[in-house]
Amino acid sequence: MNSGLSIPITAQLQMEIISLLNMEAYYLDNGKYKEWLDLLSDDLIYRMPLRETLEGVRADNVSKDASFFEETKKSLTTRVNRLYTKSAWVENPATRQRHFISNIMVESMENTSEFKVRSYFLFKRSRGSTHDIEQMFGERNDIVRKEGDQWKIVSRTIIPDQSVITTMNMSMFL
Amino acid sequence: MIKKTLDEKAFQLLKEKMDQGLFPQWVLTDPDIYELEIDKIFGRTWQFLAHETELEDPGSYVTRWMVNDPILLVKNRQGEIKGYLNSCTHRGTQLCTADHGNKKTFTCPYHGWSYNLDGELIGIVAGNKVYGEEMDKSEWGLREIPQVASYQGMIFGCLDPAAMPLEEYLGDMKWYFDILLGRSDGGMEVRGLPQRWVAKANWKATAENFAADPYHVQTTHRSTVELGISPEDPLYAGYGHQVVTENGHGINVITSKTGKARVPYQGTPESMWPMFKKNLTPEQDDILSKVTVFVGGVYPNLSFVSPIHGTEGHLHNYLNFRMWRPIGPEKVEVWCWFLIDKAAPEEYKEAAYRGYLGSFGPTGTLEQDDTETWARIVEVSKGLMMRDKQLNYNNVSNYLMGFDRVEPDETYPGPGIAYPTTYIDAISRSMHENWFKLISKDLLLKEAVK
Ligand code: FES
Ligand SMILES: [Fe+2]
């Protein structure tokens, strides 16, 4: 691999990747989970480690051993299939949710067919007629790749900013 | 205040209803009752703090909460586990805010007093100059939690110095802990920090949901039936025994229609079975070889489940402990630990962890649906009909399942009172009795004296 080679991040490329993330959020926020799965590569690694409170200014506080998600495409497919049953009560009646994705930065990688994408997320959710608005926020570190003419998410690490989650469950994908 | 308004009559009525297998609904999220619970239940009973494998080396520490009491749990140089109030003795500031770490001294960020692993005050900034010789540092060490003890690696604390010892409190539950935690050489190990999240729920309801209610499985977790993971038979989680032990503790030993699990020893590697046999009594081994799910609780707020689960077609077993920390009458902070046999092969541990994430904890597909029902209970709990203490509206919850109908199974090989089904409210009723005993202690006495 020629490590000197790096693909310039053109406006066109950025637009394509931003569109991928916007499309993803649209699918998730509109219950189109099967369409969402199509945006994920078959060799997907989908993780969400815990955030820890540690002493020290520069301490790496992303957990090395504890997670909320450690998923493959197969395990996510099982989770998605469940959401199409009648009795996944947590989403029946359906919650209303929005993924606000921002601060997207694209970087080239040594493997020239893949790109590193960093984004911020703000997730908001409303459930039933309760007045509480649930939210979660943090960062996502992705790797994306173009397969044919379709961009796919190859890897995602979701890093929440809270060490204690305040949504009453985590039935959402982030 | 409760002592004035909670007239003896409401309490008598409560007891009367409980004796009939009913539980008045006003009690669940009543704010005065909640205050009483914090003092009289959480101030007097043993609460889970950590597992020994969370504190590996001298200087290892974790910070925990016993409801509102901040706890600093450390391993000292001698390897002993010490529990302190996580609060500086100078002015009360929370001493350590990290979740875990390893240190020799804890220094308060306010005025800089510092303490060693034995809780001794070892440093006072400008000590001699400002306090003089009269200041006796030994009087200003960290305050110890009155009782800290462990069983099978499970460390508990108790704020009441007069409370019975941990082993006596656990009683027959120890026998089941010996299976859950002691089956393997080297015992169990915790993976990482516990997951924590805030659920909309009352702690009594979550504790009961786990420890005492396999009946909910067929409906709450019906999506697993729809997906073909669980059997259609609505009785499927009811086969086996519900076992009531002392002090409000209990365990469900769920088998299956045939009396045996689909896979022996909960789908653990066959190479581990002789080790289980060696570490268990024949009766314990018999139970472990047939069980599908162990699910139960240690009163008041520790629950556990040891199921068979798999995300990608392979079945794995793990042990999940969870602590329901009350945050208010309608809120709990859930702390969820994953444990696995130290002696299990590494790939098995990893696969079991993935199985856990797929089933329990905030992202677990089973638990997600549980959170929905917990929330729905508190969301309706404020109504006048619900809160009526005279019970004019028949506002009592139903705990009649198996009441005066199902007799204990004398042939069951383990300790405790074992009923031959898990679709029974025996553990719930025992939890309620224990709740009543604790909450009415001294209170009724005082009333009687008046
Ligand atoms: S409060 Fe801790 S040193 Fe003053
Ligand atoms: Fe459940």
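**A two-chain model with an iron site**

Trainee: What spacing do the donors of the iron ion (ligand 2) follow along the chain?

Mentor: Donors here are N, O and S atoms within 2.8 Å of the metal (3.2 Å for Na, K and Ca), with water not among the atoms, so sites may look incomplete. Along the chain, the donors of the iron ion (ligand 2) follow the spacing H-x4-H-x148-D.

Trainee: Which parts of chain B do His221(B) and Asp370(B) come from, and how many residues apart are they?

Mentor: The iron ion (ligand 2) is coordinated at 2.1 to 2.4 Å by NE2 of His216(B), NE2 of His221(B) and, listed twice, OD of Asp370(B). His221(B) sits in the loop between α8 and α9 of chain B, while Asp370(B) belongs to helix α13 of chain B, and the pair links parts of the chain that are distant, 149 residues apart. Helices (H or I, at least four residues) and strands (E, at least two) are DSSP runs, numbered from the N terminus.

Trainee: Before we go on, how should I read the numbering and the values?

Mentor: Residues are numbered from 1 along each chain as its sequence is written, and chains are lettered from A and ligands numbered from 1 in the order in which they are written. This is a predicted model, where local features need pLDDT of at least 70, side-chain atom pairs count only at pLDDT 80 or more, and totals for chains, interfaces and linings use all residues, while side-chain values use heavy atoms, leaving out hydrogens and water.

Trainee: What area do chain B and chain A bury between them?

Mentor: The contact (heavy atoms within 4.5 Å) takes 39 residues from chain A and 40 residues from chain B. Of the area buried (accessible area, 1.4 Å probe, lost on being put together, summed over both), 51% lies on carbon and sulfur atoms, and the total that chain B and chain A bury is about 3500 Å².

Trainee: Which element gives the largest share of the side of chain B that touches chain A?

Mentor: The rule finds six salt bridges across this interface, and one salt bridge pairs the side chains of Arg354(B) and Glu70(A) at 3.8 Å, N to O. Elements giving two or more residues to the side of chain B that touches chain A include β13 (195-200) and α12 (346-359) of chain B. The largest share, eight residues, comes from α13(B).

Trainee: How many residues apart in sequence are the parts that Asp42(A) and Lys73(A) tie together?

Mentor: A salt bridge (side-chain nitrogen of Lys or Arg within 4 Å of a carboxyl oxygen of Asp or Glu) joins the side chains of Asp42(A) and Lys73(A) at 3.3 Å, N to O. Because Asp42(A) lies in strand β1 (residues 40-51) of chain A and Lys73(A) in helix α3 (residues 73-83) of chain A, the separation of the parts they tie together is 31 residues.

Trainee: Where does Pro300(B) lie?

Mentor: The peptide bond from Tyr299(B) to Pro300(B) is cis, with omega near 5 degrees. Pro300(B) lies in chain B, in the loop between β16 (293-298) and β17 (302-306).

Definitions and conventions. Buried area is the accessible area (1.4 Å probe) that two parts lose on being put together, summed over both.
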